[in-house]
Amino acid sequence: MVNVAGKPQQPARKFPATFNSERWPPLIRQVTARAGLTVDDVNWFFFTQLNVNTIKTVMANLGQP
């Protein structure tokens, strides 16, 4: 692969299909704990670049609507 400048480029790294649904919940719990909060203390969650099914899976794992 080459980029627009004609230089060699590495292909995009492939992640397992379950990467986000397995990694996000523990990360969210860790971040909220560091802030002295629980997941239930958070009013809004904003996810980017995830499909809606992954978001639903993550929110269910966190026990959130």
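Which residues are exposed on the other side of H2? Val52, Asn53, Lys56 and Ala60 are the exposed ones there. Keep in mind that this is a predicted model.

**Helix H2, inside and out**

Helix H2 runs over residues 52–61, and its buried residues are Thr54, Val58 and Met59. These three sit on the same side of H2, because the arc they cover around the axis is only 130°. It helps to recall that an α-helix has 3.6 residues a turn, so residues three or four places apart point the same way. Part of the cover over the buried residues of H2 comes from helix H1, residues 19–34.

The two ends of H2 have their own details. At the start, Asn51 brings a side-chain oxygen to within 3.0 Å of the backbone nitrogen of Asn53. Just after the helix, Gly63 has a positive phi of about 75°.

**The overall build**

Stepping back, the protein has 2 helices and 0 strands. Its radius of gyration is 16 Å, while a compact globule of 65 residues would come out near 11 Å. The C-alpha trace spans about 50 × 25 × 15 Å along the principal axes. Of the 65 residues, 18% are buried. If you take contacts between residues at least 6 apart in sequence, 41% of them join residues at least 24 apart.

**The core**

In soluble globular proteins, nonpolar side chains tend to be buried together. Here, the largest nonpolar core has 7 residues: Ile28, Val39, Phe47, Leu50, Val58, Met59 and Leu62. Two of the names, Val58 and Met59, also appear among the buried residues of H2. Leu62 is a handy residue to click on: leaving aside neighbours within four places in sequence, Leu62 is in contact with Pro25, Ile28, Arg29, Val39 and Phe45.

Thr32 is another one to look at, and it belongs to helix H1. With a relative accessibility of 9%, Thr32 counts as buried. Again setting aside neighbours within four places, Thr32 is in contact with Leu37, Thr38, Val39 and Val42.

**The aromatic rings**

How many aromatic pairs are there? The count is 3. Two of them are set out here.

| Pair | Centre distance | Plane angle | Type |
|---|---|---|---|
| Trp24 and Phe47 | 5.8 Å | 80° | edge-to-face |
| Trp44 and Phe46 | 6.2 Å | 15° | stacked |

Why is the Trp24 and Phe47 pair called edge-to-face? Their planes stand at 80°, so the pair falls in that class, given that angles over 60 degrees count as edge-to-face. This pair links distant parts of the chain, with Trp24 in helix H1 and Phe47 in the loop between H1 and H2, 23 residues apart. Trp24 is partly exposed, at 30% relative accessible area, whereas Phe47 is buried, at 18%.

The Trp44 and Phe46 rings have planes at 15°, so they are stacked. Both of these residues are exposed. For Trp44, which lies in the loop between H1 and H2, the relative accessibility is 67%. From Trp44 to Ala17 the C-alpha to C-alpha distance is 25 Å, with their positions 27 residues apart in sequence.

Finally, ring pairs join Trp24, Phe45 and Phe47 into a cluster. Phe47 is a member of the largest nonpolar core as well, and Phe45 is one of the contacts of Leu62.

Key. Residues numbered from 1 in each chain as written. Predicted model: local features only at pLDDT ≥ 70, side-chain atom pairs only at ≥ 80, totals over all residues. Heavy atoms only, no water. Buried < 20%, exposed > 50% of the residue type's maximum accessible area, 1.4 Å probe, protein only. Helix = DSSP H or I, 4+ residues; strand = E, 2+ residues; numbered from the N terminus. Arc of directions from axis to C-beta. Contact = heavy atoms within 4.5 Å. Polar contact = N/O pair within 3.5 Å; in protein donor to acceptor, adjacent residues only side chain to side chain. Phe/Tyr/Trp six-rings, centres within 6.5 Å; stacked < 30°, edge-to-face > 60°. Core = buried A, V, L, I, M, F, W, Y, C linked by side-chain atoms within 4.5 Å. Rg over C-alpha atoms; globule rule 2.2 N^0.38 Å.
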